[in-house]
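Colleague: Could you take me closely through the sheet of chain A, and then through what surrounds it in the model? I would like one connected account, with a word on how far each part can be trusted.

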Amino acid sequence: MPIIVIMTGITIAIASGKGGTGKTFISTNLFNSLQDSRLSIALVDCDAEAPNDREFLKEGVLQSSHAVNQKIPVIDKTKCTYCGKCDEYCNFNAIFFLEEPQTIEVLEDLCHGCGACSVACEYGAISEKDDLLGYVNRYRFSTGKELIEGRMEVGVLVSVGIIKESIKMAEPFDLVLLDSPPGTGCPFIQTVYKSDYVVLVTEPTPFGLSDLKQSVAILKEMGIPCGVIINRADMGTDDAQNYLKRENIPLLMSVPFDKEIAVAYSKGEMITNLSTEWKAKFNQLYHTIKEEFEKNKAK
Amino acid sequence: MELAIISGKGGTGKSSISAAFATLQKDIVLADCDVDAANLYLLFNPECDEEHVFISGHKAVMDEEKCINCGICVDYCRFDAIVENENGVSILETLCEGCLLCSRICPQGAITVEEEDRSRYYAGRFKNGRMVYGRLAPGEENTGKLVSKVREKAKEIAEKFGIEHIIIDGPPGIGCSAISAITGVDAVIVVTEPTVSGVHDLKRTLQLTQGFKLPTSVIINKFDINRELSSEIELYCNESGIRVISKLPFNPIVVEAMVHCSSITDYAHDSEISELIKKAHTDIFAGVR
Ligand code: SF4
Ligand code: SF4
């Protein structure tokens with residue numbers, strides 16, 4: 001009997017240098033096409049500023065909603081001697097301090113919750129309170145698979161804390177898919193840095209290519225293997241394909257522009273539910289990723 | 001007038017519309033504030049006049065010679081960025097937020113501070129005026145602050161050369177960089193598309209602009225991909241007192257223009273879509289002229 005090797009404890013991030021290339025389309029359909037799999041699978045929506053996966057994966061039932069907080073200092077002005085040491089310690093200018101006239105305020109928007117000011121204060125004037133950053137919502141499907149969604153509160157500045165919490169919750173799953181935030185900034189890095197493989201979704205335009213190159217460069221620096229999906233492949237130039245060939249980066253899939261897909265997507269419907277052909281294609285995508293991943297591991 | 005063009009999510013066509021608006025002006029300052037993926041310079045190939053270093057933050061660096069592996073810093077770091085294993089204590093650069101608490105409490109003085117100085121911002125000239133654009137180095141933080149720098153520079157240039165209008169191509173999302181791109185502007189255009197995710201992001205974005213009490217209008221791009229949702233968006237905007245100034249049809253020519261490194265209004269000046277964009281442009285700028 002052939003021995004079936006099952007990949008477990010694998011994290012695959014789906015990312016793109018710029019938004020709107022179809023990252024959510026790929027993530028949700030890949031996840032959906034794997035509903036019959038024997039693996040326990042979680043899709044984590046790490047785009048906490050604009051989480052959308054839920055709009056497509058409506059069947060999941062909400063299991064829990066977990067608040068993510070950050071610590072914010074509170075200054076007791078009756079104990080404060082206006083020495084200014086906390087201001088000196090805060091590297092984010094989150095403490096507004098004036099010696100004359102004596103003024104001290106915490107600028108909560110700028111605070112990262114590092115706790116340096118509490119350590120600095122020698123007069124016990126600083127305590128801390130919880131500040132709500134957002135929620136991690138868990139949705140469970142009848143197949144046991146889960147969608148874990150990080151959702152930032154409107155008006156909060158930084159999504160990184162929520163992303164970290166969301167990914168942590170997916171740790172027990174065999175296969176974790178991460179729908180990454182756009183760009184190559186901090187939220188992207190926090191999402192991909194523990195991934196085993198990154199799927200970059202791009203479009204064949206000069207913008208797409210420029211962002212793709214930047215994403216590839218940073219992943220190289222981090223030592224994470226990646227492959228590329230070209231979306232709306234027929235609506236642009238061959239430059240992206242040529243670039244991939246030159247750089248020896250695998251092209252995992254090409255998705256042509258298709259009105260059926262665009263319309264289904266606009267309605268929040270999944271092409272993998274509407275078309276067996278597309279379901280098979282996404283299944284194949286998973287196998288291609290798996291093969292690429294194993295090739296890399298063997299290296 | 002300072003006009004910011006934003007979108008809850010990328011890919012709605014925000015940059016194409018910013019580019020078109022910019023090329024409809026004779027003399028404009030265009031500020032590309034999508035600093036994570038600044039792209040407009042690819043279209044306009046500006047002649048660069050100024051380059052500035054942007055210090056995005058700090059990173060803690062460990063001197064292994066001095067470290068005695070006491071582990072005190074491990075306990076103090078709230079970002080799990082310092083770990084202790086068989087090889088001793090080390091700093092995980094990707095998790096470090098640069099608060100520098102570790103450097104202050106280390107009894108051995110083994111942790112020093114390094115500036116993150118790989119990000120840049122530039123100012124230059126292009127055929128329709130001046131352009132300011134930022135480039136955040138991968139993984140560096142403080143997009144919001146870089147956006148503010150780009151805007152400051154844009155204002156400075158507008159004043160220096162007596163240019164009346166600034167167009168800001170904003171970043172996607174509703175986080176710190178988006179907030180920095182819109183605070184205090186005279187008008188905001190939110191570009192959206194009729195998809196369920198587009199609607200969802202639009203609502204969050206409008207919550208933000210209304211929170212800041214900014215005069216906001218909406219452009220529905222590719223409205224004919226889903227007319228039902230487009231009407232829903234219009235209804236929602238009407239009820240919230242927000243004007244939908246234009247509905248643009250889906251047209252592959254928009255991508256074609258981009259592929260030819262041109263704005264849509266330059267590339268296909270007399271096309272239906274260009275006419276519609278021109279109308280929206282007049283609509284926005286007419287009030288201030
Ligand atoms: S917790 Fe850190 S960031 Fe916040 S005020 Fe204190 S020192 Fe500044
Ligand atoms: S360190 Fe403590 S006493 Fe000194 S200014 Fe800050 S809060 Fe006041």
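Modeller: What follows goes from the sheet to the helices on it, then to the ligand shells, a salt bridge, some backbone details and the confidence scores.

Please keep in mind throughout that this is a predicted model. The sheet of chain A is open and has 9 strands, which follow one another in the order 3-6-7-2-8-1-9-10-11 with mixed pairing. Its edges are formed by strand 3 (61-75) and strand 11 (251-255) of chain A, each of which pairs on one side only, and from one strand to the next the twist averages 20 degrees. In general, the strands of a sheet pair through backbone hydrogen bonds, either parallel or antiparallel. For strand 3 of chain A and strand 6 (residues 126-140) of chain A the sense is antiparallel, and their pairing extends over 14 bridges; within this pair of strands, A:N69 stands opposite A:L132 in strand 6 of chain A.

Two helices can be placed against this sheet. Helix 5 (residues 160-169) of chain A lies across strand 2 (41-45), strand 3, strand 6, strand 7 (146-152) and strand 8 (175-179) of chain A, and runs at about 50 degrees to strand 6 of chain A. Helix 11 (residues 276-298) of chain A also packs on the sheet, where it touches strand 1 (10-15), strand 8, strand 9 (197-202), strand 10 (226-231) and strand 11 of chain A, while its direction makes about 160 degrees with that of strand 11 of chain A.

The ligand shells draw on residues of chain A as well. Around ligand 1 there are 12 residue names to look for in the display, among them A:P73, A:C90, A:C111, A:C114 and A:C117, and by class this shell has 9 nonpolar, 3 polar and no charged residues. The residues around ligand 2 include A:I75, A:C80, A:C83, A:C86, A:C121 and A:I126, and here the shell consists of 10 nonpolar and 2 polar residues, with no charged ones.

Turning to charged side chains, those of opposite charge can pair when their charged atoms come close. Over all chains the count comes to 30 salt bridges, and one pair worth locating is that of A:R232 and A:E203, whose side chains meet at 3.0 Å, N to O. This pair links distant parts of the chain, since A:R232 sits in the loop between strand 10 and helix 8 (239-247) of chain A and A:E203 in the loop between strand 9 and helix 7 (206-222) of chain A, 29 residues apart.

Two backbone details also deserve a look, given that most residues other than glycine have a negative phi and most peptide bonds are trans. The peptide bond from A:E100 to A:P101 is cis, with omega near -10 degrees, and A:P101 belongs to the loop between strand 4 (95-98) and strand 5 (103-106) of chain A. In chain B, B:N45 has a positive phi of about 45 degrees although it is not a glycine.

As for confidence, the mean pLDDT of chain A is 88, with 97% of its residues at 70 or more. Among the elements of chain A, helix 9 (residues 259-266) has the lowest mean pLDDT (84) and helix 4 (residues 116-120) the highest (96), whereas over residues 1-5 of chain A pLDDT stays under 50. Chain B averages 89, and the model scores ipTM 0.77 and pTM 0.80.

Notes. Residues numbered from 1 in each chain as written. Chains lettered and ligands numbered in written order. Predicted model: local features only at pLDDT ≥ 70, side-chain atom pairs only at ≥ 80, totals over all residues. Heavy atoms only, no water. Pairing = 2+ DSSP bridges. Helix = DSSP H or I, 4+ residues; strand = E, 2+ residues; numbered from the N terminus. Axes fitted to C-alpha atoms, helices over the stretch in contact; angles between N-to-C directions. Contact = heavy atoms within 4.5 Å. Near = heavy atom within 4 Å. Nonpolar A, V, L, I, M, F, W, Y, C, P; charged D, E, K, R; others polar. pLDDT = per-residue confidence, 0-100. Salt bridge = Lys/Arg side-chain N within 4 Å of Asp/Glu carboxyl O.
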